[in-house]
Amino acid sequence: MSDKKHALQKESKSFMERYAHYLPDTIYYKDWKNVVVEPNFITISAIESLFGNADKESIRIAEIGIGMAATTLHIAKFLDNKGELHIFDFNESVIPIKKMLNEECFSNIYIHGSSYKKMDSYNWNLLFLLKNAKHPFFDYVFLDGAHSFPVDGLAFFLIDMLLKKGGYIDFDDYHWTHAGHIIGSVEKYADEQQTEDAGSFMQRTLESFTPPQLKMKQVALIIDIIVAKTGRYKEIVPEKIYQKIA
Ligand SMILES: C[S@@+](CC[C@H](N)C(=O)[O-])C[C@H]1O[C@@H](n2cnc3c(N)ncnc32)[C@H](O)[C@@H]1O
């Protein structure tokens, strides 16, 4: 691991440890806090290089799906209290994580929370941002939430409408599948106590797809079919970061 990567990871871990008491123990499974600690190095480096020379006061970045804020912390540090950082996730995460970032003296954090209801997701928050937006809104959107076609297919269209021309959408986890990730976690942590809402959310997600769909790379389908067919996006980082060119 490079020195920079190691340093970012160390900072994220120490941030989580300082504020671990703010977060419920069992959003996903016991000890989850020690698992979701890896900041996304490619995303952080891309933001630094794309906006390093820009006027940060005018930059709006969104992270959709923040986990333990391992990456959020570094985006906030990059913005340095200039511009806006919008974070989307379940209320159970965004509320305490905003508090944690405020305690680190970051005051430009805007939260967009969801419930665990079956038809709820960050798409509702995006819709109402769009309703109130007077002009294209975001410069960079890091989409790292549900990783499913029904949620993120719609999210892509909403983000597209909210993204400035020349702005970027960053999709995490091109190769992610429900079979490879959620099933493993549910089985591995079956005996661990989960919050009732989070536990049933994971179970329900698995029950909502056919067996072939559980094995499909749904983020890849969105990128390869929908983003490609718009003809309006240029690949910046293969299978991950796309610039809206028209
Ligand atoms: C892989 S984690 C995000 C990791 C984070 N971006 C990072 O770099 O550390 C995915 C996040 O998406 C959130 N998420 C998944 N489905 C969601 C939904 N339907 N509505 C809101 N948040 C959701 C989860 O709660 C989780 O925090």
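This briefing goes through cavities, a surface patch, salt bridges and a few notable backbone positions in the structure above. The model is a predicted one, and every value given here was computed from it. A search of the whole structure finds 2 cavities of 30 Å³ or more, and the count of salt bridges comes to 11. Three of the salt bridges are described below, together with where their partners lie along the chain and how far they are covered by the rest of the protein.

**Cavities inside the protein**

- The largest cavity has a volume of about 50 Å³, and the residues that line it are Leu143, Asp144, Gly145, His147, Asp152, Phe171, Asp172, Val219 and Ile222.
- When these lining residues are sorted by class, the largest cavity has 4 nonpolar, 2 polar and 3 charged residues around it.
- The second largest cavity holds about 30 Å³ of space, and its lining is made up of Met1, Lys5, Leu8, Gln9, Glu38, Pro39 and Phe41.
- Helix α1, which covers residues 3–19, supplies the largest share of the lining of this second largest cavity, namely 3 residues.
- By class, the lining of the second largest cavity divides into 4 nonpolar, 1 polar and 2 charged residues.

**A nonpolar patch on the surface**

- Trp124, Leu127 and Phe128 form a nonpolar patch on the surface, and together these residues have about 300 Å² of accessible area.
- Leu127, one of the residues of this patch, belongs to helix α5, which covers residues 122–132.
- Leu127 has a relative accessible area of 37%, so this residue counts as partly exposed.

**Salt bridges between parts of the chain**

- Glu84 and Arg60 meet through their side chains in a salt bridge, with a distance of 2.9 Å from N to O. Because Glu84 lies in strand β2 (residues 84–90) and Arg60 in strand β1 (residues 60–64), the pair ties together parts that are 24 residues apart in sequence.
- Arg60 has a relative accessibility of 17%, and therefore counts as buried, since the cut-off for that word is under 20%.
- A salt bridge also joins the side chains of Arg232 and Asp160, at 2.7 Å from N to O. Arg232 sits in the loop between α10 (218–230) and β6 (233–237), while Asp160 sits in helix α6 (residues 149–162), so this pair ties together parts that are 72 residues apart in sequence.
- The two partners of this bridge fall into separate classes of exposure: Arg232, at 25% relative accessibility, counts as partly exposed, whereas Asp160, at 8%, counts as buried.
- The side chains of Asp170 and Lys240 form a salt bridge as well, with 2.8 Å between N and O. This pair links distant parts of the chain, with Asp170 in strand β5 (residues 163–171) and Lys240 in the loop between β6 and β7 (241–244), 70 residues apart.
- Both partners here are buried: Asp170 has a relative accessible area of 0%, and Lys240 has a relative accessibility of 7%.
- Salt bridges that share partners also join Asp160, Arg232 and Lys244 into one network.

**Residues far apart in sequence**

- Val237, which lies in strand β6, is 191 residues away from Ala46 in sequence, yet the C-alpha atoms of Val237 and Ala46 are 8.9 Å apart in space.
- With a relative accessible area of 24%, Val237 is partly exposed.

**Backbone angles with a positive phi**

- Why is a positive phi worth pointing out in a residue other than glycine? The reason is that most residues other than glycine have a negative phi.
- His147 is a residue with such a positive value, as its phi is near 60°. His147 is placed in the loop between β4 (138–143) and α6, and it is buried, with a relative accessible area of 8%. His147 is also among the residues that line the largest cavity.
- Glu239 likewise has a positive phi, near 65°, and lies in the loop between β6 and β7. Its relative accessible area is 33%, so Glu239 is partly exposed.

Key: Residues numbered from 1 in each chain as written. Predicted model: local features only at pLDDT ≥ 70, side-chain atom pairs only at ≥ 80, totals over all residues. Heavy atoms only, no water. 1 Å grid on protein atoms, 1.4 Å probe; cavity = no way out; pocket = protein on both sides within 12 Å on 5 of 7 lines; lining within 4 Å. Points joined across faces, edges and corners; volume = space filled by probe spheres on them. Nonpolar A, V, L, I, M, F, W, Y, C, P; charged D, E, K, R; others polar. Helix = DSSP H or I, 4+ residues; strand = E, 2+ residues; numbered from the N terminus. Patch = residues over 30% accessible without salt bridge, like charges linked within 9 Å, V, L, I, M, F, W, Y side chains within 5 Å. Areas by Shrake-Rupley, 256 points an atom, 1.4 Å probe, with all protein chains shown as cover. Salt bridge = Lys/Arg side-chain N within 4 Å of Asp/Glu carboxyl O. Buried < 20%, exposed > 50% of the residue type's maximum accessible area, 1.4 Å probe, protein only.
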